[in-house]
Amino acid sequence: MRAVLAWKETIRDQCIYDLAFKPDGSQLIIAAGLRVLVYDVADGTIIQPLKGHKDTVYCVAYAKDGKRFASGSADKSIIIWTSKLEGILRYTHNDSIQCVAYNPVTHQLASCSSGDFGLWSPDFALIGKDKTLTYDPCCVSYFSKGEYIVLGGSDKQASLYTKDGVRLATIGEQSTWVWTCRVKPDSNFVVLGCQDGTIACYQLIFSTVHGLYKDRYAYRDSMTDVIVQHLITEQKVRIKCRELVKKIAIYRNRLAIQLPERIVIYELYSDDSSDMHYRIKERICRKFECNLLVACSQHIILCQEKRLQSLSFTSVKEKEWVMESLIRYIKVIGGSPGREGLLVGLKNGAILKIFVDNPFPITLLKLSTSVRCLDMSASRSKLAVVDEHNTLLVYDIVSKELLFQEPNANSVAWNTQCEDMLCFSGNGYLNIKASNFPVHQQKMQGFMVGYNGSKIFCLHVYCNVIRGGSAPMYQYLERKMYKEAYQIACLGVTDSDWRDLATDALEGLDFDTAKKAFIRIRDLRYLELINSIEERKKRGESDNELFLADVYAYQGKFHEAAQLYKRSGHQHRALSMYTDLRQFEYAKDFVGATDPKSSRILMTKQADWARSSKEPRAAAEMYLSAGEHLKAIDLIGEHGWEDMLIDIARKLDKAERELLAKCALHFKRLKHHGYASETYSKMGDLQALVQLHVETCHWEEAFSLVEKHPQFKNHVFVPYAQWLAEHDRFEEAQKAFHKAGRQNEAVKVLEQLTHNAVVENRFNDAGYYYWMLSMQCMDIARDQRDEMLKKFERFQHLAELYHVYRSIQRYTDEPFSSHMPETLFNICRFLLNNLAKDVPPGISKVNTLYALAKQSRRLGAYKLARYSYEKLQELHVPSRFQDSVELGSLNIRSKPFHDSEGMMCYRCSTNNPLLNSQGSVCINCRQPFIYSASSYEVLPLVQFYLEEGVGDEEAVSLIDLEVPPADRRDAQLQTLRMNEGLDDAEEDPFTAKMSFEQGGSTFVPVKVGRPALRSMSRRDVLIKRWPRPLNWEYFRSLLPDVSITMCPTCFKMFHSEDYELLVLQHNCCPYCRRPIDEQN
């Protein structure tokens, strides 16, 4: 080995008294003269000299965290420096500083002067200062964990202090000053260096000072504190004594602590078993020397070699016992307060029982060897002793008989709650013995100090809790002693142990014990099983094999359960068990091939399982195999497998109507109309087939079916009409209702349509719907004649009014009109002549008068125009017409007060006024005028009636006699052509019939007989062939050269040229909208 010099520095005329490294090794702190020098360790260059001391610096020390260091000087001060080499604080002592040291854990600073020492916290708060010393301290050193301080000096010894500065003991006395001391890292070894050259190494052995009573354990901590721990709840409380704790004794609510100069007795605040708050009860301020300390409720027991002393809490010695041999063991075994019993073991083997209020000891047993440990059972009937040969001996106290013995024991304790259980430790094992069962062993470090219930208290550095109730319980279970095992379990075992006990008791048919055990672990499933078995036993069942089979089934031992079910004659339970578990293969093996009924049931259950486990296709096939067609159909239908479903439907017999109906229902839901139709056809269910077509809106198929089977007419046309109405096809809906014979619905639809048309100002549609209403009323009139005929006439009237008002509304509301002035003039006059009474909703009399005034003025009918303006003045005129009406009223007064021409009656040739208050009739003969339904000019037609005795058929045949066959017209379209009339009108019988009595106030109709009919030409006669109950109406043209056409549906008459033009425009009748190619 060789040493290589890294660097060297000489400080002239200065002694180096101390040095310290920074924890990271980067800097070196040196005490040299009046300065503190800081060097760079790498190259030996000085970083910075620190000045602050006024005298020689004797010591330096660096904190372990590297944040600060301290220097002590003969100037009686300590300076704290930061790692940035800045002084931040100065401490002072009463004498020169000899040594300093930092606590490696808490970073507290310990400083020693020639006559005292102090402790300083890292935040510079004073912990302890000027603790007077009787010697000059020369060295100070911390233990690695910072819990103790070693101090040496001129007193020729090293002393041990706590980190708070409390002196504990002398480590070693020497013959000269102790100049240095150091603690071996992470150990209890202390090395001292003395003035005479002596080096001494000491090992500090810290003995365990503790006490135990049931579940409370008290032990010494940091030599000056006492910690009381509740071993069950793990609560802890620390009692700071600030002196060396020498002995501890605990009993019930009492705690005794022996300090160097006194004994302090504590008591609990309350009697609560979990209370951990202690308070001082008494202080015995005397110094005692004793080997053992025992606390009772009212006494302190001191043991010193052969002598026992009983002291009251007030330091009065009440009793004293002197034994014949050294006392090796003493224990309080309980008793009433002030009369507790003590169990004492002597070195000569004697075992005594002493009561604190009795001066005379009682000898229980005499052994040949020394006693090491002993304990008495809870009933005071058995005694366990560990002798000096580590042999456990258990005696019966009454008979003194040795019950059993076990080797390798160093401590023993009886269970405080169970008479027959004890435990002992030795050779690294914990041994538990219950009754006369073999000893149960388990590894353990330390030694056992107590046994309470299922908890064993073992001491190894600290007191630990070991559960020891399980092993004895299993020993009882092996012998099927369930009740005894339950008692052991009640001391405290784990949930798994409780479950094992419950399971074993259940299999042993001890239902009472099993029930209590399952209650402990709250297993409701097994509790329900036990309750059901108990109920069955109450009803008289006594088959234990059946009960055991149920137990095995609950436990999952299914094969064993099946065998027991079979043996007890309940094979069906085994089958249900296997199927519920989905173990179908086992179920098949159990059933065999001899029972087809059970096989089908099994197959059905297997299909149920496959369905629930989301394997529907396999489930459906299983249902079919098991003959459960209905379930199979439902399952297939749910998943929409129409190919499988139609295969089933085609294979089924038509007599299986329920299954076929179910198939058809699923086809309908899946919207497979063809498959559903095929299925219903196979069933022969025509009504369901009709309903199918209706629901799927396949109307063509439905209509074709109705043609073959008229009895289903209502089943088709009513839904069809409703469907049309929902799709805004109201006219078709009305016709469909009509076909279905639902006249009321047809009328309601038309009424609603009409109302909507009027509200929306669609007057052309309103006229059309009123005409349809009238025709509907005419159909109903066959059953309700009078009422419906009145409605027919009213609706016909309204239809014509709304039809003509459409032209007026377009004229007033739209900028352009397609009508000629003459047409508008005629329409306005017609409308006003027919509005003599009530005005229908939607029709504006103002608009009508306004249009009439405008057209009258244009056509030279100034009188009528003035009349119209005057009438408008009486009505509420809209603002948009106001100016025009006022201006027209003024202008018309400049015109002559007469009309250009009137309106001639074709019957009596009377010239009628343009407006007639009596309506559309002649003022002379009262003959109603016949208007063209397009231009509303008066047609040269006169209506005539048949005389009595002449029927319609006869009348038509008489009229047709004069009509040559070549000139016959299509019966569907009656047309009057321009032709020569009769050569001599006076010879015409019809003209004679038109005569009437002048001046009459009533209308005299034209009636003709057979001669007159025979004289008429078919070309001159128009017939309205109304259906029953209406009568036919006959009209004779007086001007054959005027061509007139009548619609065969609505019987409205037109000038032929106007009609042909309108038909070309609309491809239908302008009034009833009958298509031109439609047959009547």
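**Exercise 1. Helices α6 and α7**

Determine how α6 and α7 are oriented to each other, and which residues make the contact.

Solution.
Step 1: locate the pair. Helix α6 covers residues 544–555 and helix α7 covers residues 558–567. Helices are DSSP runs of H or I with at least four residues, strands are E runs of at least two, and both are numbered from the N terminus.
Step 2: take the geometry. The two helices pack at an angle of about 160°, and their axes are 8 Å apart. Axes are lines fitted to C-alpha atoms, for helices over the stretch in contact, and angles run from 0 to 180 degrees between N-to-C directions.
Step 3: classify. Angles under 35 degrees are roughly parallel, over 145 roughly antiparallel, 65 to 115 roughly perpendicular, and the rest oblique. α6 and α7 are therefore roughly antiparallel.
Step 4: list the contact (heavy atoms within 4.5 Å). From α6 come Glu 545, Leu 546, Leu 548, Ala 549, Asp 550, Tyr 552 and Ala 553. They meet Phe 558, Glu 560, Ala 561, Leu 564, Tyr 565 and Arg 567 of α7.
Step 5: sort by class. Ala, Val, Leu, Ile, Met, Phe, Trp, Tyr, Cys and Pro count as nonpolar, Asp, Glu, Lys and Arg as charged, and the others, Gly among them, as polar. The contact of α6 with α7 has 9 nonpolar, no polar and 4 charged residues.

The model is predicted: local features need pLDDT of at least 70, side-chain atom pairs count only at pLDDT 80 or more, and totals for chains, interfaces and linings use all residues. Residues are numbered from 1 along each chain as its sequence is written, and side-chain values use heavy atoms, with hydrogens and water left out.

**Exercise 2. Helices α1 and α3**

Classify the packing of α1 with α3 and give the make-up of the contact.

Solution.
Step 1: α1 is residues 470–478 and α3 is residues 495–507.
Step 2: the angle is about 10° and the axes are 11 Å apart. The helices are therefore roughly parallel.
Step 3: α1 contributes Ser 470, Met 473, Tyr 474 and Leu 477 to the contact. α3 contributes Ser 496, Asp 497, Asp 500, Leu 501 and Asp 504.
Step 4: the classes are 4 nonpolar, 2 polar and 3 charged.

**Exercise 3. Helices α25 and α26**

Classify the packing of α25 with α26.

Solution.
Step 1: α25 (residues 862–873) packs on α26 (residues 879–892) at about 140°, with axes 10 Å apart.
Step 2: that makes α25 oblique to α26.
Step 3: Tyr 862, Ala 865, Arg 866, Tyr 869, Leu 872 and Gln 873 of α25 meet Val 885, Gly 888, Ser 889 and Ile 892 of α26.
Step 4: this contact of α25 with α26 divides into 6 nonpolar, 3 polar and 1 charged.

**Exercise 4. The nonpolar cores**

Find the members of the largest nonpolar core that touch the most other members.

Solution.
Step 1: define the set. A nonpolar core is a set of buried Ala, Val, Leu, Ile, Met, Phe, Trp, Tyr and Cys residues joined through side-chain atoms within 4.5 Å. Buried means under 20% relative accessible area, exposed over 50%, and partly exposed in between (1.4 Å probe, protein chains only).
Step 2: the largest core has 82 residues, and Trp 771, Tyr 802, Leu 831, Leu 872, Leu 941 and Met 1053 touch the most other members.
Step 3: a second, separate core has 40 residues, including Ile 432, Tyr 486, Leu 491 and Val 493.

**Exercise 5. Around Arg 1028**

Describe the peptide bond from Arg 1028 to Pro 1029 and the spacing of Arg 1028 from Asp 779.

Solution.
Step 1: the bond is cis, with omega near 10°.
Step 2: Pro 1029 sits in the loop between β52 (1021–1024) and β53 (1033–1037).
Step 3: Asp 779 and Arg 1028 are 249 residues apart in sequence, yet 8.5 Å apart in space, C-alpha to C-alpha.
Step 4: Asp 779 belongs to helix α21 (residues 763–780). Its relative accessible area is 24%, so Asp 779 is partly exposed.

**Exercise 6. Positive phi**

Place Asn 408 and state its phi and exposure.

Solution.
Step 1: Asn 408 has a positive phi of about 60° although it is not a glycine.
Step 2: Asn 408 lies in the loop between β39 (402–406) and β40 (411–414).
Step 3: relative accessibility is 42%, so Asn 408 counts as partly exposed.
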